Amino acid sequence: MCKTHSKITELYCRTDKACICILCFKNDHKSHNVVPLEEEYEAVMAKKDETMANILKMKQCRFEKIAEIENSVDVSQREAEKEKEASEQVFTDLIRSVQRSQAEFVEVIEERCRATKQEAEGFLTELRTEVAELESRSGRLQQLSLSEDHHHFLQSFPTLCSPLKDWTNIGVHSDVCFEAARSAVTLLKQRVDEIVEELPEIKMKRMREHAVDLTFDPDTAFCTLVISQDGKQVRECRHKTECSLQSKEI
Ligand SMILES: [Zn+2]
Ligand SMILES: [Zn+2]
């Protein structure tokens, strides 16, 4: 029954895909493609098997797609695990290598520091011995000068003047001189950062971080471009019908 006119809906409007009564037809559907309800029923009934086959086919297609996607997820997860392990190994090796270099570097610094200290101690011992010798000389000179024995004075005097070491150009380098090594290590760090930054995957990640959310407007798109319903995808149209549809809209 038609809710508006309380008459039997004996007609079918193909334009509106609605069951209508004769008054509906006269009022609103005159220019529409309207057929008797029975005729439409027969027509649709004839397509039933085909439609059922289509539905089953589409269902099968989707089952296959589900299996395919699930499989892809499994594969990508396994690949990700493998990749993680491999990169972990490489990074661990890199860290170890850097730590080893650091330990060696520290060892070289300490070694040089020890050598400097040892050299300094040698000089200090020598200098203290000479100070003691000079103190003894001044004491002896004082004693000799008091003596009446001129013969003894002349004989002993030269021993008080025997030359000692010339210390003018002797010294210990207090600067540790590792600036070159330190800047080499700094350079190495910069290079590692640069190389890591250049890794394609990391680059991709950075690109995604800076991605902008775009929506395409089908009304302004060029006639050979087809925009997806959500406005997120665009592709070149290959069918003429699609193309003409688009251009008609434009
Ligand atoms: Zn009606
Ligand atoms: Zn209609």
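What follows is an informal Q&A on a predicted model.

User: How is the three-stranded sheet ordered, and which strands stand at its edges?
Analyst: The sheet is open, and its pairing is antiparallel with the order E2-E1-E3. Two strands have a single partner each, so one side of each has no neighbour in the sheet. Those edge strands are E2 (18-20) and E3 (34-36).

User: By how many degrees are neighbouring strands of this sheet turned against each other on average?
Analyst: The strands in question follow the order E2-E1-E3. Ignoring direction, the average turn between neighbours in this sheet is 35°.

User: What is the bridge partner of Leu11 in E2?
Analyst: E1 and E2 run antiparallel to each other and pair over three bridges. For Leu11, the partner on the E2 side is Ile20.

User: Which helix packs on the sheet, and what angle does its direction make with that of E3?
Analyst: The helix covers residues 37-46 and touches E1, E2 and E3. The helix is H2, and its direction relative to E3 makes an angle of about 90°.

User: Is Thr9 buried or exposed?
Analyst: Thr9 sits in the segment before strand E1 (11-13). Beyond its close sequence neighbours, Thr9 has contacts that include Cys19, Ile20 and Leu37. Its relative accessibility is 16%, and the cut-off for burial is under 20%. That makes Thr9 buried.

User: Ser6 is not a glycine, so what is its phi?
Analyst: Ser6 belongs to the segment before E1. At 52% relative accessibility, Ser6 counts as exposed. Its phi is positive, at about 50°.

User: Where is Lys17 found, and what is its relative accessible area?
Analyst: Lys17 has a positive phi near 50° despite being a residue other than glycine. Its place is the loop between E1 and E2. Lys17 is exposed, with a relative accessible area of 66%.

User: How far apart are the end C-alpha atoms of helix H3?
Analyst: H3 takes in residues 48-146, which is 99 residues. At 1.5 Å a residue, the expected span is 147 Å. The model agrees with that, with the end C-alpha atoms separated by 145 Å.

User: Which residues of H3 are buried, and which helix is among the elements covering them?
Analyst: Phe123, Glu130, Arg137 and Leu144 are the buried residues of H3. What covers them includes a helix at 150-161, namely H4.

User: What share of residues 117-144 is helix?
Analyst: An unreviewed UniProt entry lists residues 117-144 as "coiled-coil region". In the model, the end C-alpha atoms of that stretch are 40 Å apart, and its strand content is 0%. The helix share is 100%.

User: How far apart are the end C-alpha atoms of residues 1-37?
Analyst: UniProt (unreviewed entry) gives residues 1-37 the feature "domain: B box-type". The model has this span at 22% helix and 24% strand. Its end C-alpha atoms are separated by 13 Å.

User: What distance separates the centres of domain 1 and domain 2?
Analyst: The domain assignment puts domain 1 at 11-46 and domain 2 at 179-210, with domain 3 at 212-250. Taken over C-alpha atoms, the centres of domain 1 and domain 2 are separated by 71 Å.

User: How far apart in space are Val212 and Leu164?
Analyst: Val212 is in the loop between helix H6 (200-209) and strand E4 (225-227). At 65% relative accessibility, Val212 counts as exposed. In sequence, Val212 and Leu164 are 48 residues apart. In space, C-alpha to C-alpha, their separation is 83 Å.

Methods: Residues are numbered from 1 along each chain as its sequence is written. Chains are lettered from A and ligands numbered from 1 in the order in which they are written. This is a predicted model: local features need pLDDT of at least 70, side-chain atom pairs count only at pLDDT 80 or more; totals for chains, interfaces and linings use all residues. Side-chain values use heavy atoms; hydrogens and water are left out. Domain bounds come from an automatic or database domain assignment. Helices (H or I, at least four residues) and strands (E, at least two) are DSSP runs, numbered from the N terminus. Buried means under 20% relative accessible area, exposed over 50%, partly exposed in between (1.4 Å probe, protein chains only). Contact means heavy atoms within 4.5 Å. UniProt positions are given in the numbering used here, feature names are shortened, and annotations may be inferred rather than shown by experiment. Two strands pair if DSSP finds at least two bridges between them. Axes are lines fitted to C-alpha atoms, for helices over the stretch in contact, and angles run from 0 to 180 degrees between N-to-C directions. The expected span of a helix is 1.5 Å times one less than its number of residues. Lists of a residue's contacts leave out its neighbours within four places in sequence.
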